[in-house]
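Biologist: I am new to this structure and would love a close look at a single part. Could you walk me through the surroundings of one arginine, and then show me what else stands out?

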Amino acid sequence: MKTLIIAATYLLYAAIPLRGNYPVISDSLENLNYDQLYQRIRNSKNTPEKSEMYLSVFLRKAKKENNILEIVNGYKYYMYRSPDQINMIYADSMIMSSLQTSENALISSAFLSRGIAYYSKKKYNQALDDYLRAQDYAVRTNDEYLIHKISYNIGNLKYYLGSYSEAIEIFEKCVSFFKDDNPKAYLNTLHALSLCYNKTGKYDLSSEINYHGISEGKRLSQTFMESYFRHLEGINHYFKNNYDSAIHFIKTSLPDITDNGDFANESVAHFYIGISYWEMNNLSEAIKHFNAVDEILREKNYIREDLTEGYRLLINHYKNNNDLEKQLFYTKRLVTADSLLKVNYQNLMPKIHKNYDIKNVMAQKDNMEKGSHRKDKKINLLLLLVISLLIILTLIIYSYFYQRKKLRHRYEVLIKKEKIIHKTKNEIKAASDKSIESLLYQLEKFENDQKFLEQNLTLVKLAARFNSNTKYLSYVIHNHKNNSFTNYLNSLRVNYIIQQLKNNKKLRQYTTLALSEEAGFTSKQRFVVAFKSITGITPAFFISNLKKDDK
């Protein structure tokens with residue numbers, strides 16, 4: 001730590017000969033003010049030599065005038081414009097410079113900027129450390145924009161960890177705050193909110209936000225997020241089984257995302273293009289894109305849990321084709337990916353709950369105490385008691401054992417619950433319309449004959465089988481089954497596999513992928529999302545507890 005401080009202090013006061021010789025600087029540049037120099041830095045983005053010159057002038061001017069605010073800005077600009085190998089050196093100097101002041105907002109902003117830089121490199125633990133430091137300083141200010149900006153970035157980490165409901169709560173507050181005065185932050189937050197709804201299986205709501213985001217971007221003359229909304233819309237189409245549309249949307253978004261150097265979304269794009277091709281049985285194209293995901297893992301050390309499905313598909317593919325060499329190769333790559341995910345999740349999850357969630361509760365407590373000074377002492381005591389109880393409750397909720405107990409309870413309820421019986425006969429008696437009565441009889445037979453286990457079953461196919469149309473069948477299912485077609489089909493399949501797992505011990509040895517196929521799902525991901533949405537627990541947790549109960 002001492003060595004780091006010495007190095008950072010040296011960088012703070014030294015000239016900037018880190019990136020080679022500088023162009024000759026004219027006296028006219030020295031006379032420009034900071035705003036003028038900043039504009040030139042921005043305008044020279046595509047001309048490195050000029051950018052280097054303006055950056056050098058900016059920082060030297062700030063040091064000469066001992067202007068700490070502009071020194072911090074100078075290092076920040078260097079951080080954004082420097083190669084990956086050295087940009088964090090400038091980030092550290094930015095932090096050290098800000099700490100020479102007593103300006104909480106400046107220090108908070110510096111830590112936030114470095115945290116964002118770490119996040120862009122997918123170094124999530126370092127990013128979280130800096131976000132939390134930024135929050136510590138931000139709460140001492142009245143800068144609501146800065147506080148919400150930090151919350152937005154912590155929301156991104158919660159999204160990465162899979163805490164989607166908590167991320168949605170953060171993003172909804174940020175959307176309301178940013179909407180009127182901060183168009184870029186507003187559009188970024190809309191996209192983040194849409195991502196969360198996609199992950200929770202609410203694809204129609206996600207699509208609604210995507211199109212709203214594109215429309216709002218045009219209204220605000222800010223189209224920088226359009227490719228990202230299209231990218232996400234392609235993923236929504238994949239989950240709706242619209243594979244051609246998925247490929248089209250994602251492919252058209254990919255050039256902009258690649259140009260932005262956003263290797264994380266580039267990897268996601270290749271995966272969903274690949275798995276769409278896989279579903280269409282175009283294996284050669286699918287493998288090409290899965291290999292692109294692996295290349296990003298190799299070069300950038302980036303992977304996401306859902307992207308590992310590509311490795312599993314390739315392993316099974318080469319196993320079925322007796323290609324032992326490639327089967328072993330992709331098995332090793334999967335192990336590498338899983339190891340990386342395990343390290344990231346184990347370190348981040350307890351830290352973000354301990355340092356962010358509990359601090360948020362404490363901050364709310366402090367705000368409530370400040371607002372209650374004029375009230376009667378008895379009311380104050382009562383408020384403090386309630387707040388203390390809320391803090392204790394929050395700690396319990398976030399503890400590991402409470403979570404396990406909650407999941408176990410859901411499992412026990414599921415075990416005791418008898419097979420869901422769709423009250424089709426009663427509905428048929430109550431139906432006055434002959435065509436509705438006919439459809440309900442056919443649905444009853446469809447359920448009893450377990451035709452819902454057929455893969456790739458769509459509303460169009462079922463309507464044709466019933467000699468009906470999609471609109472009318474959808475109406476009947478919605479009004480008499482109280483569900484959309486997708487949720488109706490998923491509930492039948494999940495209920496079926498639950499009963500099978502209860503009664504057939506051999507089935508408990510199946511892989512998740514094999515179980516998904518047994519239940520009629522076309523992918524492991526859809527099966528897991530549907531199972532968790534309906535039961536509140538994952539298939540793996542359900543099976544592991546079945547096995548424990550058998551011992």
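Modeller: Happy to; here is a short tour that begins with Arg 230. The model is predicted, so local features need pLDDT of at least 70, side-chain atom pairs count only at pLDDT 80 or more, and totals for chains, interfaces and linings use all residues. Residues are numbered from 1 along each chain as its sequence is written, and side-chain values use heavy atoms, with hydrogens and water left out.

Arg 230 sits in helix H13, which covers residues 226-239 (helices are DSSP runs of H or I with at least four residues, numbered from the N terminus). With a relative accessible area of 22%, Arg 230 is partly exposed; that label lies between buried, under 20%, and exposed, over 50%, using a 1.4 Å probe and protein chains only. Leaving aside residues up to four places away in sequence, Arg 230 touches Ile 214, His 248, Phe 249, Thr 252 and Ser 253, where contact means heavy atoms within 4.5 Å. Lys 251 is 21 residues from Arg 230 in sequence, and their C-alpha atoms are 9.3 Å apart in space.

Elsewhere, Ile 392 belongs to helix H19 (residues 377-398). Ile 392 is partly exposed too, at 48% relative accessible area.

Finally, an unreviewed UniProt entry lists residues 108-141 and 148-181 as "repeat: TPR"; such annotations may be inferred rather than shown by experiment, and positions follow the numbering used here, with feature names shortened. Residues 108-141 are 82% helix, with end C-alpha atoms 10 Å apart, while residues 148-181 are 85% helix, with end C-alpha atoms 13 Å apart.

Methods: Helix = DSSP H or I, 4+ residues; strand = E, 2+ residues; numbered from the N terminus.
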